[in-house]
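User: Please take a close look at one buried part of this model. I want the contacts, the distances and what surrounds them.

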Amino acid sequence: MDLAQYIKSISHTANTILEGMAVTFSHLFREPITIQYPDKLEKPLTEMLPPRYRGFLEVQMDICTGCKRCERNCPIECIGIDLVKDPNTKKQAMTRFDIDMGKCMYCGLCVEACKWESTGAIRHTREFEGAASSLDGLVFRFVPPGTTVAMWKAPKDLSEVPVGEYGPHAREARERAMRDNPVALEELRAQWRKQREQAKEGEKKAEAAAT
């Protein structure tokens, strides 16, 4: 390499570095685009999301007919509904309406089924903050354990359905999940350990009988 080529390569390297650094230095004089969440937001982020944002599912139980359309349309079975006959009223009532948001893929099929074929009791909200120490904190129980909810009789004109505010039912269900579900999970783990120990004892007895 002669001197001219050597100087040319140095010049090319310097120009390349300066071109790259020019982009970097230009950002020193711009206002930052990112913001510190959630401390420096002008208003809650849930109010800034698009209207059709698919956040946590919620169920407005006072307008739920218990038709189970949402449960049947869920492709991954993350919705569980149990019905019993109320001995006092002799009518069907719901004893369980659980949604496992840890399994949910936010496809919206349950929402569409309820919206067009029933009352729109189940819907996506703008709630998305679901940090929990374990996945059981994402199991939303819209019928608290030990209680029942009567099935609502929908009017013929579905435009008269009293649809309430979006969000509070999901927040309430999440608070209950964070508070109550870990206890239920520990009970299930204890039952599992007991069953496992019984199975091992059965295997030992079977081996002893075989010998």
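Analyst: A polar contact here is a pair of N or O atoms within 3.5 Å; within protein, one must be able to donate a hydrogen and the other to accept it. Keep in mind that this is a predicted model.

Start with glutamate 58. This residue sits in strand β1. Its relative accessibility is 0%, so glutamate 58 counts as buried. The glutamate 58 side chain has a polar contact with the side chain of arginine 123, at 2.9 Å. A polar atom of the glutamate 58 side chain also lies 3.1 Å from the backbone nitrogen of histidine 169. Now the wider surroundings. Leaving out residues up to four places away in sequence, glutamate 58 touches Ala121, Ile122, Arg123 and Thr125. Phe142 is on that list too, and so are Glu165, Tyr166, Gly167, Pro168, His169 and Ala170.

Strand β1 (57-59) also belongs to the cover over helix α3. That helix spans residues 109-117, and its buried residues are Cys110, Val111, Ala113 and Cys114. Seen down the axis of α3, they fall within an arc of 165°, so they line one face of the helix. Besides β1, what covers them includes α2 (69-73), β2 (79-85) and β4 (122-124).

Next comes threonine 119, in the loop between α3 and β4. Threonine 119 counts as buried, because its relative accessibility is 7% and the cut-off for buried is under 20%. The threonine 119 side chain reaches the backbone oxygen of isoleucine 63 at 2.7 Å. Ile63 is also among the residues that threonine 119 touches, not counting those up to four places away in sequence. Others are Thr65, Cys114, Trp152, Ala154, Val161 and Val163. Cys114 is one of the buried residues of α3.

One more buried position is leucine 49, with a relative accessible area of 17%. Leucine 49 is placed in the loop between α1 and β1. Leaving aside neighbours within four places in sequence, leucine 49 is in contact with Arg126 and Phe128. Its C-alpha atom is separated by 27 Å from that of aspartate 136, 87 residues apart along the chain.

For contrast, turn to the surface. Ile17, Met21, Phe25, Leu28 and Phe29 form a nonpolar patch there. Together they have about 580 Å² of accessible area. Methionine 21 lies in helix α1 (residues 3-26). Methionine 21 is partly exposed, at a relative accessible area of 34%.

Conventions
Residues are numbered from 1 along each chain as its sequence is written. This is a predicted model: local features need pLDDT of at least 70, side-chain atom pairs count only at pLDDT 80 or more; totals for chains, interfaces and linings use all residues. Side-chain values use heavy atoms; hydrogens and water are left out. Buried means under 20% relative accessible area, exposed over 50%, partly exposed in between (1.4 Å probe, protein chains only). Helices (H or I, at least four residues) and strands (E, at least two) are DSSP runs, numbered from the N terminus. The arc is that of the directions from the helix axis to the C-beta atoms. Contact means heavy atoms within 4.5 Å. Patches are made of residues with over 30% relative accessible area and no salt bridge: like charges are joined within 9 Å, nonpolar side chains (Val, Leu, Ile, Met, Phe, Trp, Tyr) within 5 Å. Accessible areas come from the Shrake-Rupley method with a 1.4 Å probe; for residues, only the protein chains shown count as cover. A salt bridge is a side-chain nitrogen of Lys or Arg within 4 Å of a carboxyl oxygen of Asp or Glu.
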